[in-house]
Amino acid sequence: MVKIIGAWASGKNISIWVVGGCVRDWILKRPTKDLDLVVEKGLEEVSRFCSKKWGGTLESFGQFGTKRLYLRSGLRLDLARTRAEIYSRPAVLPEVSTASLEKDLWRRDFTVNAMAVCLNSSAWGELVDHYGGCADLKKGLLRVLHAQSFRDDPTRIWRAARFLGRFGFRLESSTQESLEEAVRLGYPRLLSRERVRGELMRILEEKDPTRALGTLKKWGLTPFFHPKFRWDGGDFKDPEPYVRLGVICLKMGESGKEFLRSLNLERPVSQAISAAFEVAERLASPRMQLPELSRKILVCLIPHISPSALAPLRVNGRDLSQMGIPSGREYSQLLTKAAQAQWRGEFSNRSEALRWLRRLHSRR
Ligand code: CTP
């Protein structure tokens with residue numbers, strides 16, 4: 001694919017490179033999730049060519065009309081104009097202006113993410129590495145390009161923890177100093193809640209987020225998620241990020257509810273996590289079918305729980321009425337007792353549940 005793009009762009013006299021994380025991953029011989037391409041001109045033309053050639057949906061966003069193409073194969077292609085960034089204040093989104101590839105690489109977070117590979121036929125596959133990214137990659141060092149990097153964009157602190165965790169790298173010493181200074185000066189506090197949430201979710205998307213979270217804890221960064229954020233290691237048996245988040249919330253108890261509200265997640269997600277909270281607190285089977293997400297969270301928290309405990313309560317008000325019990329407050333008490341009994345495994349199908357209910361009623 002990159003060969004086809006490179007050959008086509010060369011014919012149009014457009015210089016084009018692959019940049020950032022995919023170059024790092026290629027050198028590390030790791031699979032890449034998406035492909036970031038930059039051009040010094042001809043952005044519209046290249047994106048039109050790619051979408052015509054491979055199909056998929058094309059989106060445009062940002063001040064510079066960056067293009068994102070979701071290919072049918074599942075690959076994501078980002079196409080951007082090479083640009084420089086100026087941060088007027090800490091943690092604000094930058095002002096951008098067109099610039100050379102060299103400046104575009106300079107605006108990036110870490111040297112290992114600031115390399116490019118040329119796709120043009122004349123320089124096919126040539127590595128552009130102005131800032132020593134390849135050497136750092138080989139040494140396993142994460143190094144910022146300049147001392148203001150974490151001040152400009154404090155999300156890079158979370159990114160650092162994520163990359164250290166994923167690749168087992170170390171922080172280069174002056175990078176460590178500027179990171180610590182950025183934390184001391186409270187720059188992470190200047191980030192919007194959405195950006196912090198975005199970084200947390202990206203950590204929870206990692207194959208194993210344990211080391212990244214441990215690193216953030218060590219750096220004193222977890223209170224930026226929530227002042228009472230608590231995480232005691234492990235918990236990531238399920239690969240789904242929202243399940244992992246739900247488990248963290250439930251383990252935080254009451255503060256977890258506040259934390260969940262503060263994240264302002266999409267309604268179905270926050271409702272599913274809240275439903276898991278409710279079931280775990282009442283130690284009772286749910287009255288209605290639980291969303292898949294709630295069930296997965298509870299299975300992670302209570303690994304030996306039976307599927308029956310998480311199934312909807314096998315009896316209902318109509319059963320009570322058919323037993324001749326007059327409707328009223330007693331209904332709710334009986335159903336709560338039944339839900340707790342189902343949770344404990346005292347019955348596992350509807351006929352056993354009805355027998356259990358009759359026995360309970362006859363004893364009253
Ligand atoms: N980048 C940056 N500063 C940020 C975010 C991104 O400099 N705060 C740059 C880096 O060069 C990065 C590239 O934009 O490599 C693409 O960003 P992203 O896709 O978020 O990062 P990847 O490095 O591709 O990480 P991942 O493998 O987790 O997708």
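Axes here are lines fitted to C-alpha atoms, for helices over the stretch in contact, and angles run from 0 to 180 degrees between N-to-C directions. With that in hand, take helix 12 and helix 13 (residues 267-282): they pack at an angle of about 170 degrees, and their axes are 11 Å apart. Angles over 145 degrees count as roughly antiparallel, so helix 12 is roughly antiparallel to helix 13. Bear in mind that this is a predicted model. Besides that helix pair, there's an open sheet of 7 strands and a ligand with 16 residues around it.

**Helix 12 and its partners**

- On the helix 12 side of the pairing with helix 13 you'll find E254, G256, K257 and L260.
- Helix 13 answers with S270, I273, S274, F277 and E281.
- Helix 12 (residues 254-263) also meets helix 9 (residues 193-204); here the axes come within 10 Å and cross at roughly 110 degrees.
- Angles of 65 to 115 degrees count as roughly perpendicular, so that label fits helix 9 and helix 12.
- For this crossing, helix 9 brings R193, R197 and L200, while helix 12 puts in F259, S262 and L263.

**The sheet**

- Read across, the strand order is 3-4-5-2-1-8-9, and the pairing is mixed.
- Strand 3 (57-61) and strand 9 (127-128) sit at the edges with a single partner strand each, so one side of each has no neighbour in the sheet.
- At the strand 9 edge, 2 bridges tie it to strand 8 (residues 116-118), and the two run antiparallel.
- A116 is the residue standing opposite V128 in strand 9.

**Helices on the sheet**

- Helix 1 (residues 2-11) packs on the sheet and touches strand 1 (16-19) and strand 2 (34-39).
- The direction of helix 1 makes about 150 degrees with that of strand 1.
- Helix 3 (residues 43-54) packs on the sheet as well, touching strand 1, strand 2, strand 3, strand 4 (66-70) and strand 5 (76-81).
- Against strand 5, the direction of helix 3 makes about 165 degrees.

**The strand 3 and strand 4 hairpin**

- Strand 3 and strand 4 run antiparallel, joined by 5 bridges.
- Across this pair, E59 stands opposite R68 in strand 4.
- The two strands make a hairpin with 4 residues between them, and G62 in the turn has a positive phi of about 80 degrees.

**The ligand site**

- Of the 16 residues that surround the ligand, the closest are R24, D109, D153, R166 and R202.
- R24 has a polar side-chain atom 2.8 Å from an oxygen atom of the ligand.
- R159 does something along those lines, with an N or O atom of its side chain 2.9 Å from a ligand oxygen atom.
- With R156, the ligand atom is a nitrogen, 3.3 Å from an N or O atom in the side chain.
- On its own the ligand has 560 Å² of accessible area, and the protein covers 85% of that.

Key. Residues are numbered from 1 along each chain as its sequence is written. This is a predicted model: local features need pLDDT of at least 70, side-chain atom pairs count only at pLDDT 80 or more; totals for chains, interfaces and linings use all residues. Side-chain values use heavy atoms; hydrogens and water are left out. Two strands pair if DSSP finds at least two bridges between them. Contact means heavy atoms within 4.5 Å. A residue is near a molecule or strand if one of its heavy atoms lies within 4 Å of it. A polar contact is a pair of N or O atoms within 3.5 Å; within protein, one must be able to donate a hydrogen and the other to accept it, and residues adjacent in sequence count only if both atoms are side-chain atoms. Accessible areas come from the Shrake-Rupley method with a 1.4 Å probe; for residues, only the protein chains shown count as cover. Angles under 35 degrees count as roughly parallel, over 145 as roughly antiparallel, 65 to 115 as roughly perpendicular and the rest as oblique.
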